[in-house]
Amino acid sequence: MSVFPKISLRPEVEDYLRASFKNEEILTVLGAQEAERKFETLLNYLSHPPAFTTVRVNTHLASVKHVKDLLLEEINKQFKGLSVPILQHPDVWDMLLIPVIGPRKNINKQPSEVIVGAHCGNAVLRGAHVYVPGIMSASKFMKAGDVVSVYSDIEGKCKKGAKEFDGKKVFLGNGISELSRNEMFSLSSPLKGIGIRMTEPVYLSPSFDNVLSSALFLQNLPSAVVSHVLNPQPGEKILDMCAAPGGKTTHIAALMHDQGEVIALDKIPNKVEKIKQNAALLHLNCIRAFCYNGTKALGKVENGQGGPPFSPESFDRILLDAPCSGMGQRPNMAYTWTLKEVTSYQPLQRKLFTVAVQLLKPGGVLVYSTCTVTLAENEEQVAWALKAFPCLQLQPQAPHVGGLGMVGAGLSLDQLKQLQRFDPSIIPLKGTDITSVRNASREDMIWLANKDCIGFFIAKFVKCESV
C-alpha cells in the first residue's frame, strides 16, 4: 500500500538505475514489462519504511530472552497497552523483530503545522521523536503543549524559521510540542532536545531514545547478517575497514565474546569518536578505533602501538562495508545526488578492496557489503574481484536470509546463489494493522522481515594463497 510518492531521483540517476534493473540478462529472464514493474516497485518501496523495526541484543552483557522481556514492557508502555509481538530471528539469533503498524489512516490533521527536514522526517517514520535541530518551520503562534501536525519537506526547500510552508510536503503524523515556536528558533541559545513528541505517527514504531542503551543496538537486519557471515572467532585479529558508526564493529566484538582484537578505521574524526562511544556504551574492550584512510592502511609499520598502517597479511578476517551510493536506505523520499556522485564509488571501493586482499592472511575471510542496490557497486564488483585476484574464492554464506545476486554482471547461477541481495521489490508493498499482525503465523512474519527490509548486498570470499 503506497501512501507516499515514489522516491524522487534526478532523471539521469533514475535512468542509470533503470538500466541496471533492465539489463539484457534480466530482460531475457523476466521480459521488459515485468522488469519495469519490479523497478517501479523498488522505487515505491524506497520511500516507505521497512515492515519491521529490528534491534540487536548486546549479548556481551545480557541474554536475548532478558532483553526481549524488558523490551516488551517498554513497548507496552509506549503503545499504551497495545500488544505488539516481538520475535527472535531464528537464523540471526541476536536480532529482535518488532512489526511496524501502518500506514495508519484516520489521523486528523491539525491547523498548527511543523515542517521538518527530510533526514529528520525519515527518522520519524522509523519511530523517532522530532528533535529541535531537525525543525525547519513552525506555525506562527505555536505554544508548548500544542497538538501539531508534522510534515517532511522532502525537497529541502523550506527556509529555517519560516512561519508557513506551501511547498511539497508529506504528512508524518501528529505530536505534542515540547517548546514554543520562539524557543525553537531562539538565536541566543540554540536547543538540541526533543521539540515534538510524536503521539500519532503514520507508522507506529517504538522510540529507542535512551531505551536499554547498553543492552541493545538499533540496526537493520541485513547489517546484522553481515557480522554473522564474517563469523569472527575469539582470539582473532579482525579489521573493520570503514567502521563508523560502529554497529558492525561492536557486533563483531560481541560475537568474539570480547576476546581478540577488532581494529576499526574511519577517516572522519567525529565518526571515530562515535565508534569509541558505542564501544564504551556496550562495554566492549577489544575494539581499537583509529582515524585513518582505509585506502592507505597497507604499509610499513610506523610505531609499536598496533595502529595503521599495517603490514601485509596481518588479519584473520576483514569486513569491508564499503562507502557506497546508499540507494538501499529506507525510507528515503528524495535522493539528491548527481550521477557523477553515484558513479564515483565503484573506483573507491576497488581501491579499498585491493588493500583488504593484501592485508588478509592466507586462509582468511573477506566480507564485502554495501547498503545500495546498484549493479556496479555489487555484483560487478564481485565479478571484477574474482578476475583481479585469482587467490580469492567466493564462499557460501550462513545465515543466508536474503535473495540471490542480480543477473547482469556475467556471474554464473552458482555464484549468484553464494551472494545475498536484499531487494524489497520482490514482494508487493502492503500495509500492516494490528489485526493482521496478531493473525499472522510466526513463519510468515519472519519471511516478511527477511524481504521487506533495506536494500543491501553481501559477498564472502576466502583467500586461498598469498598475493
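1. Exposure classes. A residue counts as buried when its relative accessible area is under 20%, as exposed when that area is over 50%, and as partly exposed in between. By this scale Lys-77, at 60% relative accessibility, is exposed. The model discussed here is a predicted one, and the same three words are used in the points that follow.

2. Overall form. The protein chain contains 15 helices and 20 strands. Its C-alpha atoms fill a box of roughly 70 × 55 × 45 Å along the principal axes. For 467 residues, a compact globule would have a radius of gyration near 23 Å, and the protein chain, with 23 Å, agrees with this. Of the 467 residues, 55% are buried. Among contacts with a separation of 6 or more, 77% are between residues 24 or more positions apart.

3. The sheet of four strands. Strands pair in a sheet through backbone hydrogen bonds, in either a parallel or an antiparallel way. In this model, 4 strands make an open sheet in the order β3-β4-β2-β11, with antiparallel pairing. Because β3 (87-88) and β11 (216-218) stand at the edges with a single partner strand each, one side of each has no neighbour in the sheet. The antiparallel pairing of β3 with β4 (residues 95-99) rests on 2 bridges. Leu-87 has Leu-97 in β4 as its bridge partner.

4. A helix across that sheet. Helix α4 (residues 64-78) lies across β2 (52-57), β3, β4 and β11, and runs at about 25° to β4. Within this helix, the side chains of Glu-74 and Lys-77 form a salt bridge, at 3.7 Å from N to O. The two residues are 3 residues apart in α4, which means that about one helical turn separates them. Which of the two is buried? It is Glu-74, with a relative accessible area of 17%. Lys-77, by contrast, counts as exposed at 60%.

5. The sheet of six strands. A further open sheet has 6 strands in the order β6-β10-β9-β8-β5-β7, and its pairing is mixed. Its edges are β6 (130-131) and β7 (135-138); each has a single partner strand, so one side of each is without a neighbour in the sheet. Strand β6 runs antiparallel to β10 (residues 194-201), and 2 bridges join them. The bridge partner of Tyr-131 in β10 is Ile-194.

6. Salt bridges near the start of the chain. Side chains of opposite charge can pair when their charged atoms come close. The structure holds 22 salt bridges. One of them joins the side chains of Glu-36 and Lys-22, with 3.1 Å from N to O. Glu-36 lies in helix α3 (residues 32-46) and Lys-22 in the loop between α1 (11-21) and α2 (24-30), so the pair ties together parts 14 residues apart in sequence. Both are partly exposed: Glu-36 has a relative accessibility of 22%, and Lys-22 has a relative accessible area of 24%. The two residues also belong to a network of salt bridges that links Lys-6, Glu-14, Asp-15, Arg-18, Lys-22, Glu-36 and Glu-40.

7. A salt bridge between two strands. The side chains of Arg-288 and Glu-261 meet in a salt bridge of 3.2 Å, N to O. Arg-288 is in strand β14 (residues 287-291) and Glu-261 in strand β13 (residues 261-266); the pair, 27 residues apart, links distant parts of the chain. Arg-288 is partly exposed at 31% relative accessibility, and Glu-261 is partly exposed at 22%.

8. A buried lysine without a partner. Lys-451 lies in helix α15, which covers residues 442-451. The buried residues of this helix are Met-445, Ile-446, Ala-449, Asn-450 and Lys-451. They pack against β2, β3, β4, α7 (221-230), β19 (420-422) and α14 (434-439). Which side chain of opposite charge is nearest to Lys-451? It is Asp-423, 10 Å away, and the buried Lys-451 has no salt bridge. A salt bridge requires a side-chain nitrogen of Lys or Arg within 4 Å of a carboxyl oxygen of Asp or Glu, so the 10 Å to Asp-423 does not qualify. Lys-451 is nevertheless in contact with Asp-423, and also with Pro-424, Ile-426 and Ile-427, when neighbours within four places in sequence are left aside.

Key: Residues numbered from 1 in each chain as written. Predicted model: local features only at pLDDT ≥ 70, side-chain atom pairs only at ≥ 80, totals over all residues. Heavy atoms only, no water. Buried < 20%, exposed > 50% of the residue type's maximum accessible area, 1.4 Å probe, protein only. Lys, Arg positive; Asp, Glu negative; His and termini not counted. Contact = heavy atoms within 4.5 Å. Pairing = 2+ DSSP bridges. Axes fitted to C-alpha atoms, helices over the stretch in contact; angles between N-to-C directions. Rg over C-alpha atoms; globule rule 2.2 N^0.38 Å.
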